[in-house]
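Please open the model in your viewer with side chains available for display, and follow the stops below in order. Each stop names what to select and then describes what is found there.

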Amino acid sequence: MRAVVFQGAEEPMTVEDVDRPEPDDDGILVETEACGICRSDWHAWRGDWEWIGVMPQPGLVFGHEPVGRVVEVGDNVDRFAVGDRVTNPFNLGCGSCHHCRDGRGNICETSIPMGFVPFQTGAFAEYYSVRNADFNAVTLPEEVDPVDVAGLGCRFATAFHGLVHRVDVTPGDWVAIHGCGGVGLSAVHVADALGANVIAVDLSAEKLARARDLGADRTVEVGAVDDVPQAVKKFTESSRGADVAVDALGIAETCRNAVNSLGKGGQHLQIGMTTSEEGGEVSLPVDTMVTDEREFYGAYGIPPNEYDEIFRMMGTGKLEPGRIVSETVSLEEVPGVVEGLGDYETVGIPVCDGF
């Protein structure tokens, strides 16, 4: 099968013929229809995240935002049959540890990140496998477009999980989204659907315009203000600060700006993960967080059981992940798109649908 193959950190990726993966007795093999191209792929291509154990080796196939049709089913799989259209979270759970049993499979004790390890390759390929399919794979409504589901991917799904299940967003709350890439725009759309007053923060006027299209009520252009947290606070009643702030980028500046834009009792949601510059560590105003009782939350992917909530909201038109898809590309174009994500010029989510 044809696949995009990693050649080493910051080396050009190539499209090659590789062996088709074989599902085990608990897995399924899926023919790829679409796969989102994520900034996490860029992080892995750059060689980031060694500090959390992600060390891609040459020969790896990236791609962790897939949708496709089942073409082979393992002997122990009960819930799926050939022809079913499916997706899955990027962080595949075992289905049996206490986190998986409690509905938090995204933080499974033995979570496997699809497309980042050699024994669970990704979906920048004509076919991909899903382990523990009865737990991890998710059946899609037939009316859902494959590109929309690839746009749902890890970014939209993580934003949804974070805003719905990690922090408390209620109608009328001020939610400040720092960073309007794919996950940030997803967070804008989700927060708007939840009835929040949304403040979008970014360097790019184009991305802020896209954020307004997706429901942002106010915007802050970083280069046009002297103090980003104060600019955010001015939009809130009595300049009290945001109820929820999201760092959707993962650099030290956006993380601190988000925390500092909160009001007393506010909640910070960290979705963006750091680069080699931060190495996983960011200094924060701890004493102020203590005295203001600000809370810090992380969101890592989504457990399989929460997809139905998204699909129900998509069914009524409240959520439209496809609106955040910026472009569709062929498999041959994937390497260039991944490498270009470091320029921060993409407005939305690129998706590969040409296999």
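## Cysteines

This is a predicted model, and the structure holds zero disulfides. Begin by selecting C97 and C100: the sulfur of C100 is the closest cysteine sulfur to that of C97, but at 3.7 Å it is too far for a bond, because a disulfide requires the two sulfur atoms to be within 2.5 Å. C97 counts as buried, with a relative accessibility of 12%. Next select C352, which is likewise in no disulfide, the nearest cysteine sulfur, that of C35, being 7.2 Å away. C352 has a relative accessibility of 0% and so counts as buried.

## R85 and its charged surroundings

Move now to R85, which has its place in strand β5, residues 85-87. Is R85 buried or exposed? Its relative accessibility is 9%, so R85 counts as buried. Display the side chain of E33 together with that of R85, and a polar contact of 2.9 Å can be traced between the two. If you then add R69 and E142 to the selection, you have the four residues E33, R69, R85 and E142, which are linked in a network of salt bridges. Leaving aside neighbours within four places in sequence, the residues in contact with R85 also include V67, G68, V138, T139, L140, V144 and P146.

## Further salt bridges

A search of the whole structure finds 13 salt bridges. One of them joins R20 to E72, with the closest N and O atoms 3.8 Å apart. R20 lies in the loop between β2 (14-17) and β3 (28-36), whereas E72 belongs to strand β4 (residues 66-73), so this pair ties together parts that are 52 residues apart in sequence. R20 counts as partly exposed at 37% relative accessibility, and E72 counts as partly exposed at 28%.

Select R210 and D213 next, where a salt bridge has its closest N and O atoms 3.9 Å apart. Both residues lie in helix α6 (residues 205-213), and their spacing of three residues is about one turn of the helix. Then go to E320 and R323, another salt-bridged pair, in which the closest N and O atoms are 3.9 Å apart. E320 counts as partly exposed, with 37% relative accessibility, and R323 counts as partly exposed with 30%.

## A buried glutamate without a salt bridge

Side chains of opposite charge can pair when their charged atoms come close. With that in mind, select E278, in the loop between β14 (262-270) and α9 (286-291). Which side chain of opposite charge is nearest to E278? It is R256, 7.3 Å away, and E278 is buried yet has no salt bridge. Apart from neighbours within four places in sequence, E278 is in contact with G250, I251 and A252.

## Helix α4

Show helix α4, residues 146-166, as a ribbon and look at G153, where the helix bends by about 65 degrees. Of the 21 residues of α4, 17 are buried, so this helix is largely enclosed by the rest of the structure. At the start of α4, select D145 and V147: a side-chain oxygen of D145 reaches to within 2.8 Å of the backbone nitrogen of V147.

## W174

Continue to W174 in strand β10, residues 174-178. W174 counts as buried, with a relative accessibility of 7%. A polar contact of 2.6 Å joins the side chain of W174 to that of E237. When residues up to four places away in sequence are not counted, W174 touches N197, I199, R218, F235, T236, E237, R240, A242, D243 and V244. For a distance along this part of the model, pick the C-alpha atoms of W174 and A200, which are separated by 11 Å while the residues are 26 places apart along the chain.

## Two positive phi values

Most residues other than glycine have a negative phi. Against that background, select E10, in the loop between β1 (2-5) and β2, where phi is positive, near 65 degrees. Finish at E293, in the loop between α9 and β15 (295-298). E293 has a positive phi of about 50 degrees although it is not a glycine, and this residue is exposed, with a relative accessible area of 62%.

Definitions and conventions. Residues numbered from 1 in each chain as written. Predicted model: local features only at pLDDT ≥ 70, side-chain atom pairs only at ≥ 80, totals over all residues. Heavy atoms only, no water. Helix = DSSP H or I, 4+ residues; strand = E, 2+ residues; numbered from the N terminus. Buried < 20%, exposed > 50% of the residue type's maximum accessible area, 1.4 Å probe, protein only. Lys, Arg positive; Asp, Glu negative; His and termini not counted. Contact = heavy atoms within 4.5 Å. Bend = angle between axes of the 7 residues up to and from the residue. Polar contact = N/O pair within 3.5 Å; in protein donor to acceptor, adjacent residues only side chain to side chain.
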